[in-house]
Each structure stands twice: as structure tokens, then as C-alpha cells.
Amino acid sequence: DLARVLAAVPTGLLIDGQQRGAADDAVVTVENPADGQPLLEIADAGEADALAAVRSAAAHQGSWATTAPRNRSGILARAAELLDRQQEDFALLITAEMGKPLAEARGEVAYAAEFFRWFSEQAGHISGSYGLSADGGTRILVSRRPVGPCLLITPWNFPLAMGARKIGPAIAAGCTMVFKPAPQTPLTSLALAQLLAEAGLPNGVLNVIASSRAELITGPMMRTGALRKLSFTGSTEVGRILLRVAADTVMRTSMELGGNAPFIVFEDADLDVAVEAAMVAKMRNMGQACTAANRMYVHAAVATEFTAELTRRMTGLVVGDGLQPETQVGPLIDAASQLKVRQFIDDALDRGASVAGIGSVPDGAGYFCAPTVLTDVQPGSVLSQAEIFGPVAAISTFTDESAVVAAANDTEWGLVGYLITENLDRALRVSEAMETGMVGINTGVVSNPSAPFGGVKQSGLGREGGAVGLEEYLELHYAAIPVR
Ligand code: ADP
């Protein structure tokens with residue numbers, strides 16, 4: 001079945017509605033992280049292709065901006081429907097190129113469809129205002145317009161959803177796009193572009209350039225001045241580079257960067273809820289999410305019980321090829337990630353952490369990493385300060401609420417925090433004290449198309465999803481008309 005799905009994936013660059021090879025005929029092979037085997041060879045965009053994609057986006061911006069909002073809404077609604085219908089095919093593709101278990105991949109397809117549905121509903125409600133200045137002398141007409149051609153850059157961890165939550169609002173707002181998916185997982189994006197064309201998206205509105213040469217093509221595209229907005233999801237490190245480039249042409253930016261989420265279990269927590277939330281916040285996507293619980297702080301009074309149950313659950317998980325139905329945890333994305341996670345574990349152990357439990361991994365190829373629970377993790381450990389991006393729970397204990405809040409906030413990142421407590425006052429107090437854009441209270445999941453996803457501090461700028469998710473693709477326009 002995967003062979004049939006792969007055979008249907010367009011392998012060229014999508015520029016101005018045409019499939020084409022790279023100008024220099026470069027190609028790149030996409031591989032399956034579960035076995036290191038090649039899946040498909042696709043065109044690899046260079047600078048000339050990237051600039052052609054920008055020209056296409058710029059050329060179609062004018063006509064696209066004036067389409068009826070209901071038309072754009074209809075395209076998104078049909079895209080959501082098509083994704084629902086093709087859920088299994090997209091799930092297979094996601095799992096094949098990214099590694100997550102099929103059940104999670106199906107969940108991602110549903111989540112992506114929901115972004116299209118949400119922004120389909122928003123598209124017809126873009127409004128403005130008509131008012132009078134305070135001195136009574138001027139009529140103030142405010143309207144909203146598409147910001148203009150957008151550059152969308154996505155990571156590999158949610159190959160479908162990361163694209164959908166940028167493409168959805170761009171379509172709703174009337175922006176054209178150049179979309180560069182992650183080099184590890186371009187196939188899902190190529191298939192998505194085909195689905196959007198089927199849903200009625202006109203040629204040239206969405207241009208897709210898969211490329212292994214991001215650092216070479218992004219600057220030239222952004223410096224053309226034709227792109228008016230960058231929406232990036234990826235590492236804080238690359239985000240900083242792109243913000244500097246964006247400054248050259250003063251582009252609008254939405255930046256979803258890294259996280260270092262604290263997960264706090266208070267002594268009044270319902271421990272079943274705590275373990276369930278920890279499992280999701282830690283193990284979803286094999287821990288490869290910017291929202292992953294990176295530092296677990298557990299009150300000393302419940303630490304033994306919580307750790308024992310979390311260890312039992314984590315080490316009992318079946319690790320393997322995500323395409324196999326029994327698999328609960330897939331491989332990491334590549335060898336570099338696998339090595340990095342191992343080094344993080346070794347560093348934590350060198351600094352005094354203990355192993356509470358380690359699961360098992362299958363033999364053979366594939367970038368597998370055993371679910372691991374560490375206790376007594378010291379604050380100076382690399383895995384407390386950097387994104388683990390792997391199935392490693394790093395637990396330390398605390399006794400004092402204000403001290404744990406200070407520890408939780410002691411990071412340059414501020415994407416999300418989790419807290420588990422049955423005490424309402426505490427939940428609100430700690431939630432307000434958390435220096436993060438989002439807080440999960442008695443839950444391990446915050447992502448929701450209806451909610452504003454995003455971080456503070458060095459976790460990013462702007463929000464995706466919710467009503468403000470659309471605002472990020474709109475510019476205010478004001479006309480002054482004297483009262484005569
Ligand atoms: P990750 O660690 O999740 O791979 P990255 O920030 O490296 O995160 O990558 C996220 C996205 O940014 C990918 O699409 C990648 O190709 C792109 N990218 C990486 N480096 C650069 C760069 N220097 N300029 C533009 N895009 C880049």
C-alpha cells in the first residue's frame with residue numbers, strides 16, 4: 001500500500017502550477033528513518049528555482065487577493081474533506097518519511113484537516129471598522145488586507161500539520177506562498193500541494209520547493225523584497241539567523257522556535273492524571289516536539305510513586321517501525337538525533353543522575369532510542385538546558401512552590417509549561433507565574449487549531465491558530481476621510 005502511495009507523490013518542484021526539475025538537475029533522496037532505506041528521489045531546489053518560485057508567488061498575489069473570501073473558504077473546506085478521505089494514505093506517507101507510529105500519524109492528519117476547517121470558517125469573517133476620530137473631524141476606515149507573498153519554512157517533526165497551520169491562514173487571508181518543507185520530510189508536503197490543487201487552489205498560489213540547500217536559497221529569496229512575510233517553525237538557532245535576514249527587507253515574521261517545557265507535578269496532583277499527561281507530553285512523536293516535557297519537576301512527597309508508574313509505562317512501550325501496527329514508539333528522525341540523545345543521557349549520568357528504567361529497542365537498522373527515565377537530574381545537565389527531542393524523561397524533585405516556579409522559568413525559552421494539581425488557586429497562581437506562551441493544566445497537550453499556539457522569550461514571535469492565527473497574515477489598512 002505504501003508503494004501505491006509513494007507512486008502517487010509528485011516528485012518535482014511546484015512552481016507556477018507546473019511540476020519541474022531543479023534548474024541544475026539536482027535531486028535528493030528521502031529515506032525512511034525506521035530502516036534507513038530510500039523511499040523516493042525528488043527534485044532539490046537551488047537558488048534559480050527558489051527565485052522562480054518567488055516570482056510566481058509575486059505574480060499571482062494581486063489576483064489571489066481579490067478572490068471572494070467564500071471561494072478561499074471553500075477551497076479550505078474541500079481540502080479538509082479530502083484529507084479526511086485520504087487520512088490513511090497521508091498517515092502512511094508521514095510514518096514512512098518521519099517514523100511516528102501510524103496511530104499518531106492518523107492523529108496528525110486529523111489535526112491538519114482541523115486547521116483547514118478552522119481557517120475555512122475564519123476566511124469569510126475578515127472585517128474592519130468605520131469610526132470617527134476623537135476630535136470629530138475625520139472618518140476612520142480600517143480594513144484588513146493580505147500581507148502579501150509569504151515564505152513558509154517548516155520542520156520535519158509534524159510533516160503535515162506544520163504546513164497546514166501556515167498554508168491554512170495564508171489561503172484564508174489571500175496570500176500567495178513559497179513553501180519550503182524540511183529536507184527530511186518533503187513527501188507529505190508535495191502530496192499536500194497536489195491535494196490543495198484538487199481542492200481548487202489556483203496555480204501559482206502555492207509554490208513548493210523542497211531543498212536540501214535551505215541556507216543557500218533562503219537569503220536570496222528574502223532579499224528580493226517581493227516576499228512580505230516569513231513564517232518559520234524550527235530551531236531557535238536558525239530562527240535567529242532568519243530574523244537577521246528578515247531585517248534587511250523588514251519582513252513581517254512569525255517564528256515558532258524551540259522550547260524547554262517544565263512539567264510540574266504538585267503534591268496534591270491526581271497521580272493517574274499526572275502520569276497520563278506525562279506520557280503524552282513526553283512520548284508523543286517520540287519526544288520530538290517543541291512542546292515536549294523537557295524537565296519534570298515532581299514534589300518529593302509523590303516522586304517515588306510517580307516515577308515508578310511513569311517508568312513502568314514508558315519502559316513497557318513497544319519500540320519499532322511505525323508502519324507495524326503493534327508499534328507505539330517509532331525511530332528518531334536521523335542518526336545525528338540518535339547520537340545527540342545518547343550524549344545527553346551520558347552527560348546527565350556523569351553529573352549524578354540515576355537511571356530509573358530503560359526500555360528496549362529492536363535490532364537492526366533504524367534510528368531507535370529506548371524510552372528512558374532518569375531521576376536526580378541536575379540543573380546543570382545539558383538535557384535540562386537544551387531540547388532533548390527524544391524519549392527521555394528527566395526527573396528532579398522539589399518541595400517549595402516558589403522555588404520550582406523559579407527553576408521552571410530559569411531558561412531562555414518560554415513556549416509551554418505543564419502543571420498537575422487539584423488545587424484551583426495553585427493552578428491559576430502558577431499558571432500566571434509561568435513565563436511561557438501556553439500552559440497545560442492537568443493535561444499533556446495544548447495544541448489546538450482553535451487556540452493561539454506560540455511562545456514568549458526565545459521561543460518565538462507571533463501565534464499560530466485561533467483567531468489571531470489569521471491576523472498574522474493580514475495587514476491593517478486605514479483611510480482618513482475628513483468630515484465635510
Ligand atoms: P530542526 O532541528 O528541527 O531540523 P531547523 O531549524 O534546523 O530545525 O530546521 C527547520 C527548517 O529550517 C527546515 O525546513 C530547514 O531546512 C530550515 N533551515 C535550516 N537551516 C536554515 C537556514 N540557515 N536558512 C533557512 N532555513 C534553514
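Let's start with helix α12, residues 335-350, which lies across β15 and β16 and runs at about 30° to β16. Keep in mind as you look around that this is a predicted model.

The strands under α12 lead us into a wider arrangement. β15 and β16 belong to an open sheet of 7 strands, whose order is β14-β15-β16-β13-β12-β18-β19 and whose pairing is mixed. At the edges stand β14 (354-358) and β19 (438-441); each has a single partner strand, so one side of each is left without a neighbour in the sheet. From one strand to the next, the twist averages 20°. Another helix, α11 (residues 300-315), also packs on this sheet, where it touches β12, β13, β14, β15 (372-375) and β16 (392-398). The direction of α11 makes about 140° with that of β13.

Now step along the sheet to strand β12, residues 261-265. Is this strand enclosed or open to its surroundings? Here 5 of the 5 residues are buried, so β12 is largely enclosed by the rest of the structure. Both of its faces are covered: Ala261, Phe263 and Val265 are buried on one side, and Pro262 and Ile264 on the other.

Which strands pair with β12? One partner is β13 (residues 293-299), joined to β12 in the parallel sense over 5 bridges. The other neighbour to visit is β18 (residues 416-420), which runs parallel to β12 and is joined to it by 3 bridges. Isoleucine 264 is a handy landmark here, since you can follow it both ways: its bridge partner in β13 is tyrosine 297, and its bridge partner in β18 is leucine 419. Between β12 and β13 in the chain you will find helix α10 (residues 271-283), and together β12, α10 and β13 make a right-handed β-α-β unit.

Carrying on from β18, we come to the edge strand β19. These two strands pair in the parallel sense over 4 bridges, and tyrosine 418 has glycine 440 of β19 as its bridge partner.

For a last stop, turn to a pair of helices, α3 (residues 69-85) and α6 (residues 161-173). They pack at an angle of about 155°, with their axes 8 Å apart. An angle over 145 degrees counts as roughly antiparallel, and α3 and α6 are therefore roughly antiparallel to each other. Arg72, Ile75 and Leu76 of α3 make the contact with Gly168, Ile171 and Ala172 of α6. Sorted by type, the residues of this contact are 4 nonpolar, 1 polar and 1 charged.

How values were computed:
Residues numbered from 1 in each chain as written. Predicted model: local features only at pLDDT ≥ 70, side-chain atom pairs only at ≥ 80, totals over all residues. Buried ≥ 20, exposed ≤ 12 C-beta atoms within 10 Å, placed from the backbone. Pairing = 2+ DSSP bridges. Right-handed = clockwise from strand over helix to strand, strands pointing away. Axes fitted to C-alpha atoms, helices over the stretch in contact; angles between N-to-C directions. Parallel < 35°, antiparallel > 145°, perpendicular 65-115°, else oblique. Contact = placed C-beta atoms within 7 Å. Nonpolar A, V, L, I, M, F, W, Y, C, P; charged D, E, K, R; others polar.
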